[in-house]
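User: Please take a close look at one part of this model: the links between side chains. Start there, then connect the picture to the pocket and to the backbone.

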Amino acid sequence: MIKIILIFFVIVYSFAENIKVFGVKTVSKNNIVTITNGVFIKNDITLSANKIIYNKVKNSIKAHGNVYVNYKKSNVITGQTAYINLNTKNIKVTPFFMFNFDNLTWISGKTMTQKSEIYNINNMITSTCNPSAPDWKIVSSSSKYNKKTKWIDLYNPTLYVKGIPILYLPYLGFSIDKTRKSGFLRPIFGISGDEGILFTQPYYQIFGDRADLEIDPTIRTKRGEGIYSTFRFIHSPTSYGEFKIGEFSDKEKYQQKYNLQNKNHNGWSFLYTNSDLIYNDKLYMDIKNATDTDYFYLDPANKSDTSYLTDKIITSNINYYSIYKNNYFGLYGKYFKDTTKDDNSNTMQLLPQLQYHKFSTNPFDKFLYSIDFNLYNYTRKTGYKAVKKTVFVPFSYQVNMFDNYFKFNIKENFNYTQVNEKGDNTDFVAKYYTNDTNLKFYSLLSKNYNSFSHSIIPSISYSFNNKYYKNDNNSDYLGNYKVKKNIKLSLEQYLLSENLTIYHSLSQVYYLDKNETTKLSDLFNTLNVNYYDFYFDNKNIYSFDIAQIKYDAFTLGYDNGISKLEGKYIYNYKQSESYDINGYYKFDKIHKLFADFNYDLKLKMQKYWLLGISMSKQCWNYSVSFKREIIPTLTTDGVSGIIRKTIYFEVEFIPLGGISQQYQLKTQKADE
């Protein structure tokens, strides 16, 4: 009977040092506690094994058979034998397996010895993939793991992918957490038929919790070498700043081969945002300067993204606004640098623009008004300059009729604009003043049916000019906002069901003045349709003046999360015309094929096409793609371009890191 009780009932021992022991069979003799198939708990350590021997005098534990140790609820250690000194917290486990729940990393080895915060492991294997059959693993002869810093030192490590040895190194160190640390980052490596071996070794230096510096020495063996550096900082929870400076120098042979205007490509940029600088305000600064856009392309941090290089204009922006009650204050600036020009002294800049806006206020029942004031300063070193001032004040009054089925709104708009131009041969003031009236009838109707609902918003408005004055001077910045007498018809409607959503809008203006040669304005038409996984979007502007479509943006696609096929067509009358086809296909849960193709119908050339495959798992991912693109360059003869063919390869082993490589095939001039 006593044996049965010992087998089926747990005997609990409690000690003064906050130790608890549970076991199927527990024997205490001469300060030695022996537990069979039991659990030993002290503070943040929980241990279970087939046999546990606790020495009260030495305050130590010996465990045998199916040893399981849970430390601080984050690290789990298993083995066959274990020794733990509870005074020094030194541990020895043979064989050894540890799993960290915080970052899903596991480590195994023949023997593990822990002293203080350091684990010494012999014949170590580590990965973040499934332990029973890992896609990748690192095998090393010995290693050290710092439990506090979560840093691993591996000696003679070999990287295996799918059981195949891929890379051997005499030493490798990496962190398994995301804490910022100073040191070398993973290198960027690539190969180009024209530019040779591409190599960048970034160095990362932290300055406390609020700043860091990244230095990127870079080399392209056949083209040249350079260095870029980025200083990042924050000074509040709502701010972020980044200052970058760099230079890349081409070899004379490369410069002559591609007839490049600049041998040295240098520049700098400053980015800063703060969404709460003083009170309920926001500041955004994006300031850039460079000899040419090759400076941005050669920056190793940009990797394969060269889409922005199609524009040879470098634009800098400064925007600031503040809102106080119903008042909005804005300060904006734009600076343009045309890299096709040797001298930008005659390039017009907008420095600054001031704006004040008073949001709609309701001083009386059903009566609203607002105020909008803008001041634009167009300036440059050579050539005429201009200052433009605008004031716009609308008043409106609304009446609901027939139990809110119809609504009537009357609006009076007051608009004043003045432009002062000054230059060597010009000095004048151009201005105008208008007062317009708009009468609008509209309704908002909605009805639910058995399987769908329908909402419709029809409206008709009548606009005319009460007062118009303009002096005899003209300016390109003045504009002409005189409202012509017109009737505007518009319609918006929504159709919603479980699997179908349709939105449609249509608007048309008819001019009433007898001397108008064009009675009809542009017809604006928008249609959006979503049906199951299919979607369609079309924005269309038809001009009756030229009797053809003025603008058309058309998108048709299918996306069910497994496969996607999308076609886009964009047309701008006498400006541009292009189409784009892109998509992907996931042939299983982790692998995806993707492609993109863009063609310029106006220039009759391919802008780029891309084809690739990617894989994404919890423990690692990779991407391989091929891209053919035309990169614009600044030559002594003006703007030209080269055809670049590039193979991109990226692989990341989580949380170890990875490599990013690119191989550029031999390039050629676009006009060849």
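Analyst: What follows takes the links in turn, then the pocket, then some single residues.

This is a predicted model: local features need pLDDT of at least 70 and side-chain atom pairs pLDDT 80 or more, while totals for chains, interfaces and linings use all residues. Residues are numbered from 1 along each chain as its sequence is written, and side-chain values use heavy atoms, without hydrogens or water.

Start with the disulfide. A disulfide is a pair of cysteine sulfur atoms within 2.5 Å. The count by that rule is 1. C129 and C619 form it, with sulfur atoms 2.0 Å apart. The torsion about their S-S bond is about 85°, so the disulfide is right-handed. It links distant parts of the chain: C129 is in the loop between β11 and β12, C619 is in the loop between β43 and β44, and 490 residues separate them. Strands here are DSSP runs (E, at least two residues; helices are H or I, at least four), numbered from the N terminus. How accessible is C129? Its relative accessibility is 6%, so C129 counts as buried. C619 is buried too, at 5%. Buried means under 20% relative accessible area, exposed means over 50%, and partly exposed lies in between (1.4 Å probe, protein chains only).

Now the charged pairs. Side chains of opposite charge can pair when their charged atoms come close. A salt bridge puts a side-chain nitrogen of Lys or Arg within 4 Å of a carboxyl oxygen of Asp or Glu. The structure holds 16 of them. One of these joins D135 and K617, at 2.2 Å from N to O. D135 sits in the loop between β11 (118-127) and β12 (136-146), and K617 in the loop between β43 (605-616) and β44 (620-635), so this pair ties together parts that lie 482 residues apart in sequence. D135 is buried at 9% relative accessibility. K617 is partly exposed, at 29%.

A second long-range pair is R644 with E195, whose closest N and O atoms are 3.5 Å apart. R644 lies in strand β45 (residues 638-653) and E195 in the loop between β18 (188-192) and β19 (196-200), so parts 449 residues apart in sequence are tied together. R644 is buried, with a relative accessible area of 2%. E195 is also buried, at 0%. Shared partners extend the picture: E195, R220, R223, D250, D294 and R644 are joined by salt bridges into one network. Elsewhere, K627 pairs with E629, again with closest N and O atoms 3.5 Å apart. Both K627 and E629 are buried.

Next, the pocket. Strand β45 comes back here. A pocket is found on a 1 Å grid over the protein atoms alone: it is an open set of points where a 1.4 Å probe fits, with protein on both sides within 12 Å along at least five of seven lines, and lining residues have an atom within 4 Å of a point. The largest pocket holds about 1,600 Å³ of space; that volume is the space filled by probe spheres set on the points, which are joined across faces, edges and corners. It is lined by 45 residues, and those closest to its centre are F174, R186, L656, G657 and G658. Two or more lining residues come from each of β14 (158-161), β15 (164-168), β16 (171-175), β17 (183-184), β45 and β46 (657-664). Strand β16 gives the most, with 5 residues. By type, the lining holds 26 nonpolar, 11 polar and 8 charged residues. Nonpolar covers Ala, Val, Leu, Ile, Met, Phe, Trp, Tyr, Cys and Pro; charged covers Asp, Glu, Lys and Arg; the others, including Gly, are polar.

Some backbone points remain. K162 lies in the loop between β14 and β15. Its phi is near 55°, a positive value in a residue other than glycine. K162 is exposed at 55% relative accessibility. Y532 also has positive phi, near 50°. It sits in the loop between β37 (523-531) and β38 (534-543), and it is exposed at 52%. The peptide bond from L351 to P352 is cis, with omega near -10°. P352 is in strand β28 (residues 349-364).
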